[in-house]
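Open the model in your viewer and keep the sequence panel beside it. We will go from stop to stop, and at each one you get something to select and something to look for.

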Amino acid sequence: MKKLFLPVIGLFCAITFVKAQPGKTEITKWQYNRNGAVSITWDDGSINQFKVALPLLNRLKLPGTFFIITGQIPGSQYQGKFIGRPVKEIIKETATIPTNKDNFFERASAAGYLGLIGPLDYHYKAGSLIDAGKTDAAYKAIDECYAKVRSGEFKPGVQHNDEWRDAHGTTWPQIKAFAAQGHEFASHMVTHPRLAALDETNLMYEAQKSRLDVLNHLGLQYTFSAEGPFGTENERAVNYLSKVYPALRNRMPEPWLKEISRGNKDTPGNTDKEYVQYQRGATTKTPLPMMKAWVDTTMARHDTWLVLTHHGVDGIGWEALPHQELDEYFTYIKDHQDKLWVATFGDVTKYMRERQSAKIQSKLAGNKITVTVSQPLNKTFYTMPLTLKTYVPTGWKKASISQGSKKQTIATTTDAKGTYAVYQIAPNGTQVVLAGA
């Protein structure tokens, strides 16, 4: 009997050790204690995103994030322009000085503003090569461009990119109304350039002036997020953008976040990070079962934020998807909303950052538990409600929860660690009081 007694005692100790003490409080990984998060994002603001896709999201009561090209919207104060020396001086100089590290960014920035049809294509080609790390090839592309300019091979005119043209048809009053329906609108720059090919002055013009138009037409809360066109991860470009916008879909180099860009074939896999940002972008060749599998992975893992990137809809925009497929896909997400927190890109970013920076104080005294959550982030943006999970005495069937003037009563739940309550609070440091009800 003695041989059996000690292991039984050991098992008993192990069981009691994992029981949570009443008052123990944690911030759930995702709002509403969901398994994972999903953000449905859109690039470019092509017209069918608002005529077709946005009503679909509204019907399903799902929020979206729209990264818009501000310079093409009627009423915008800022449009595309080149800031620098007279372009005639730059053109003349290219005849004797080859493109190099000292003049590339100026020449690539000016290419789209020479009053000619064709050089803008070279701006995009050079920027793509820089994004790919092919610097010498980018220099050669710019040399070829200006050689054709000097020889008169391009016709006079004003050239815009495809994304700019596809976005025409939406006004600021319409966008403001869409935002009031719960959608996030964010910057995709003034003209949708290749940021990796712009010099500092012109890159900051694109970032700052786009922000100002968003600020003036929509308000400060919509200046939180941005996306550098083409999903650029160019370190130099991202560093500049980070000076203007608190959150970028391009890069979020948080120490607690594993990033998987939409061009990366990696999967969440094993990681020692607290969170995984899993970006996926469906094209016309992406099978719907694969798109649904991304959602399934997010539900199963508990640490994953699925960031979906879309562009065209019903024939308008890059890699346009049919609305029937989008309807089925978003309905699939909606049907699993008990396990998924579907929120805008900005809201998920804010929640994760608040959770990671917050401090919790929790104390049980008599029949009451007091909880205080404080976080040091700027209250201009970081006011997202946090979801708390507090373990309560076993006898509590319901918990009365109050924070300031707000009160609620919720049913408690049990797990292997004990009885607990899950509830929402404002992260402003105001004390929360729980009592048995």
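## Stop 1: rings that meet

Select Phe67 and Phe345: both are buried. You are looking at a predicted model, so treat each stop as a description of that prediction. How are the rings of Phe67 and Phe345 arranged? They form an edge-to-face aromatic pair, with 6.3 Å from centre to centre and 70° between the planes. Now colour strand S3 (residues 64-68), which holds Phe67, and helix H13 (residues 345-357), which holds Phe345. The two residues are 278 apart in sequence, so their pairing ties together distant parts of the chain.

Next, select Tyr122 and Phe154. Their ring centres are 6.3 Å apart and their planes stand at 65°; because an angle over 60 degrees counts as edge-to-face, this pair belongs to that class. Tyr122 sits in helix H5, while Phe154 is in the loop between helix H6 (135-150) and strand S5 (155-156), so the contact links parts 32 residues apart in sequence. Are these two buried or exposed? Tyr122 has a relative accessible area of 10%, so it is buried, and Phe154 is buried too, at 14%.

The structure holds 20 aromatic pairs. To see a group of rings, select Trp42, Phe50, Phe66, Phe178, Phe185, Tyr329 and Phe330, which form one aromatic cluster.

## Stop 2: a closed space

Keep Phe50 selected, since this member of the aromatic cluster also helps line the largest cavity. Add Asp44, Gly45, Ile68, Ile69, Gln72, Ile73, Ala167, Thr170 and Ile175 to complete the lining. What is the volume of the largest cavity? It is about 40 Å³, and the structure holds one cavity of 30 Å³ or more. Sorted by class, the residues of this lining are six nonpolar, three polar and one charged.

## Stop 3: an open pocket

Move on to the largest pocket, with a volume of about 350 Å³. It is lined by 25 residues, and to find its centre you can select the closest ones: Gly80, Gly112, Tyr113, Leu120 and Thr191. Then show helix H4 (104-110), helix H5 (119-131) and helix H9 (200-218), the elements that each give two or more residues to the lining. You have met helix H5 already, as the home of Tyr122. The pocket lining has eleven nonpolar, twelve polar and two charged residues.

## Stop 4: a five-stranded sheet

Switch to a cartoon view and look for an open sheet with antiparallel pairing, its five strands in the order S13-S14-S20-S16-S17. Which strands stand at the edges? They are S13 (359-365) and S17 (406-411); each has a single partner strand, so one side of each is left without a neighbour in the sheet. From one strand to the next, the twist averages 20°.

Zoom in on S14 (residues 368-374) and S20 (residues 432-436), an antiparallel pair joined by four bridges. For one contact to click on, choose Val371, whose bridge partner in S20 is Val432.

## Stop 5: two residues in a loop

Finish in the loop between strand S11 (304-310) and helix H12 (323-335), where you will find Asp314. Its phi is near 50°, a positive value in a residue other than glycine. Glu319 is in the loop between S11 and H12 as well, and its phi, near 45°, is also positive. Asp314 is partly exposed at 33% relative accessibility, and Glu319 is partly exposed at 28%.

Methods
Residues numbered from 1 in each chain as written. Predicted model: local features only at pLDDT ≥ 70, side-chain atom pairs only at ≥ 80, totals over all residues. Heavy atoms only, no water. 1 Å grid on protein atoms, 1.4 Å probe; cavity = no way out; pocket = protein on both sides within 12 Å on 5 of 7 lines; lining within 4 Å. Points joined across faces, edges and corners; volume = space filled by probe spheres on them. Nonpolar A, V, L, I, M, F, W, Y, C, P; charged D, E, K, R; others polar. Buried < 20%, exposed > 50% of the residue type's maximum accessible area, 1.4 Å probe, protein only. Pairing = 2+ DSSP bridges. Axes fitted to C-alpha atoms, helices over the stretch in contact; angles between N-to-C directions. Phe/Tyr/Trp six-rings, centres within 6.5 Å; stacked < 30°, edge-to-face > 60°.
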